[in-house]
Amino acid sequence: MELWGKVLAFDEMHDGTGKPRKPFADYAGWLEGYSPAELRRKAREAETFFRRTGITFNVYGASEADERLIPFDLVPRIIAAHEWARLEKGIEQRVQAINAFLHDIYHKQEIVRAGRIPLKLIAENDAFLPKMLGVEPPGGVYTHIVGVDLVRTSKNEFFVLEDNARTPSGVSYMIENRETMLRMFPELFSRIPVQPVGDYPTNLRRALARSAPPACRGRPTIAVLTPGVHNSAYFEHAFLADQMGAELVEGHDLRVVDGRIAMRTTRGYMPIDVLYRRVDDDYLDPLNFKPDSVLGVPGIMDIYRAGGITIANAPGTGVADDKAIYSYMPDIVEFYTGKPPILQNVPTWRCSEPDALAYVLEHLEELVVKEVHGSGGYGMLVGPAASKRERAAFARKLKARPANYIAQPTLALSTVPILTRAGLAPRHVDLRPFVLVSPDRVHITPGGLTRVAMKKGSLVVNSSQGGGTKDTWILEDR
């Protein structure tokens, strides 16, 4: 157990006596056969593999380098089959509610009429796109790919930390982490029954193909739209396009031809049916959004509204992962499913509300404060780890723009050991399972990306803030 504040963090690998918990029992027995020196040698091998493969991410504003390796830790995170079964039910319920919510706010807005969500929260939301009002996406799917960030605080307690409904990233690391473990420790996977994750690209292609637009004829043509090589997730864009057998395209490769979006090929321009875009809404179409954007395709929104192409995820989905909207997710889930949420939110204060703002300002040293549109760990304050000067500076920002922030208690996130020079040591983790949504089903990959805070005591797991990753094992149900 690791102490955070005055709360003991739940150790996922060991119980209170230091013995391995049941999901880790077989792995712990195997681990005893390796010396710390051997494990460190394997860790160096893994780093060499990642460098040769080119598994990097770009860091904006970093002075020391444009590209970095995400630290990979050899100790897997292991989740029992029965634990995963409950998480699956909760994730599926939540994703279905998010899709229903998005359809509603761009059509009848019944949840607003019912008084469950303030109209102001939608109408003044930067991620809300009036140009999507009345638009019916192919198959009724808004969020084809969703990442749901989960944290664990005890043996039986998981919380949803946030929803990623725009362009969730990290799935390539989930796949490559597993591939690395399979190459280095093949005997482990014959000893321990772990559910596979390597079929994600195949399932992604199937989900996208099922969401083809009315204009599609025959087998759908799928492409991945990337902002280019300087984007922080470019490796992932190229990886997924290659693994799906799809084309990797940039905005200048596409144009409108005969009422369709077509990509440039050696045989001329060929129509695309499904575009998995990794470009933000504002840059998607210079005729409809930012006029100076060179990343998108002029006129693509008009083709989309006419049913000529599927855009995944649909424009305007960012409303659903806004952190102010997040605070209403329990109401959203119950409103659209008729049942209370299986997975709970982290308690959240909306700083736009005067009483909540007053409480947050008074308790900054205990809370985590986040920007409602923030991501990647940027623009946030971890109160217990911040200095008095940092808290005072953040308080000024809160007072200036209270509606821009929400606050949450500092949870004692569960820990999983990492390999350090001194041996195994506990570090805090979260989990991002990846969900694929098509008109006829919801598919949840058994696992996801476990992100780990590599620094002792840190709760910040984002790769942009120095966090690393682990392979996530969901055990087969024996």
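This is a working chat about the sheets, salt bridges and aromatic pairs of a predicted model.

Colleague: Before we start, what kind of model is this?

Modeller: It is a predicted model, and that is worth keeping in mind while we go through the contacts.

Colleague: Okay, sheets to begin with. In what order do the strands β10, β11 and β12 stand in their sheet?

Modeller: The three strands form an open sheet in the order β10-β11-β12, and their pairing is antiparallel. The edge strands are β10, residues 254–257, and β12, residues 268–271, each of which pairs on one side only. From one strand to the next, the twist averages 45 degrees.

Colleague: And how many bridges hold β10 and β11 as a pair?

Modeller: There are four bridges between β10 and β11, the latter covering residues 260–265, and the two strands pair in the antiparallel sense. If you want one position to look for on screen, V256 stands opposite I261 in β11.

Colleague: Now the sheet with β8 in it. Is the pairing there parallel or antiparallel?

Modeller: That one is parallel: four strands form an open sheet in the order β9-β8-β13-β14. The edges are taken by β9 (247–249) and β14 (310–312), and because each has a single partner strand, one side of each is left without a neighbour in the sheet. The twist in this sheet averages 25 degrees from one strand to the next.

Colleague: Which residue in β9 is the bridge partner of L225?

Modeller: The partner of L225 is V249. More broadly, β8, which runs over residues 222–225, pairs with β9 in the parallel sense over three bridges.

Colleague: Changing topic, how many salt bridges are there in the whole structure?

Modeller: A search of the whole structure finds 21 salt bridges. One of them joins R41 and E45, whose closest N and O atoms are 2.9 Å apart.

Colleague: Where do R41 and E45 sit along the chain?

Modeller: R41 and E45 are both in helix α2, residues 36–53, and because they are four residues apart there, about one helical turn separates them. R41 is partly exposed, with a relative accessible area of 38%, and E45 is also partly exposed, at 33%.

Colleague: What about E162 and K323, how far apart are their closest N and O atoms?

Modeller: Those atoms are 3.8 Å apart, and the two residues form a salt bridge. This pair links distant parts of the chain, since E162 belongs to strand β7 (residues 157–164) and K323 to helix α11 (residues 323–326), with their positions 161 residues apart in the numbering.

Colleague: Are those two buried or exposed?

Modeller: E162 counts as buried at 16% relative accessibility, and K323 is buried too, with a relative accessible area of 8%.

Colleague: And which residue does D430 form a salt bridge with?

Modeller: D430 forms a salt bridge with R451, and their closest N and O atoms are 2.7 Å apart. D430 lies in strand β21 (residues 423–432) and R451 in strand β24 (residues 449–452), so the pair ties together parts that are 21 residues apart in sequence. Both D430 and R451 are buried.

Colleague: Which residues are linked in a network of salt bridges?

Modeller: E12, R77, E83 and R152 are linked in such a network.

Colleague: Let's do rings. How many aromatic pairs does the structure hold?

Modeller: The structure holds 17 aromatic pairs. Among them, Y34 and F185 are edge-to-face, 5.8 Å from centre to centre and with 90 degrees between the planes. Y34 lies in the loop between α1 and α2, and F185 in the loop between α6 and α7, so this pair ties together parts that are 151 residues apart in sequence. Y34 is partly exposed, with a relative accessible area of 22%, whereas F185 is buried at 1%.

Colleague: How are the rings of Y106 and F128 arranged?

Modeller: The rings of Y106 and F128 are stacked, 5.0 Å centre to centre with 5 degrees between the planes. Both residues are buried.

Colleague: Last one: which backbone oxygen does the side chain of K470 reach?

Modeller: The side chain of K470 reaches the backbone oxygen of V75 at 2.8 Å. K470 has its place in strand β25, residues 468–474, and it counts as buried at 1% relative accessibility.

Definitions and conventions
Residues numbered from 1 in each chain as written. Predicted model: local features only at pLDDT ≥ 70, side-chain atom pairs only at ≥ 80, totals over all residues. Heavy atoms only, no water. Pairing = 2+ DSSP bridges. Axes fitted to C-alpha atoms, helices over the stretch in contact; angles between N-to-C directions. Salt bridge = Lys/Arg side-chain N within 4 Å of Asp/Glu carboxyl O. Buried < 20%, exposed > 50% of the residue type's maximum accessible area, 1.4 Å probe, protein only. Phe/Tyr/Trp six-rings, centres within 6.5 Å; stacked < 30°, edge-to-face > 60°. Polar contact = N/O pair within 3.5 Å; in protein donor to acceptor, adjacent residues only side chain to side chain.
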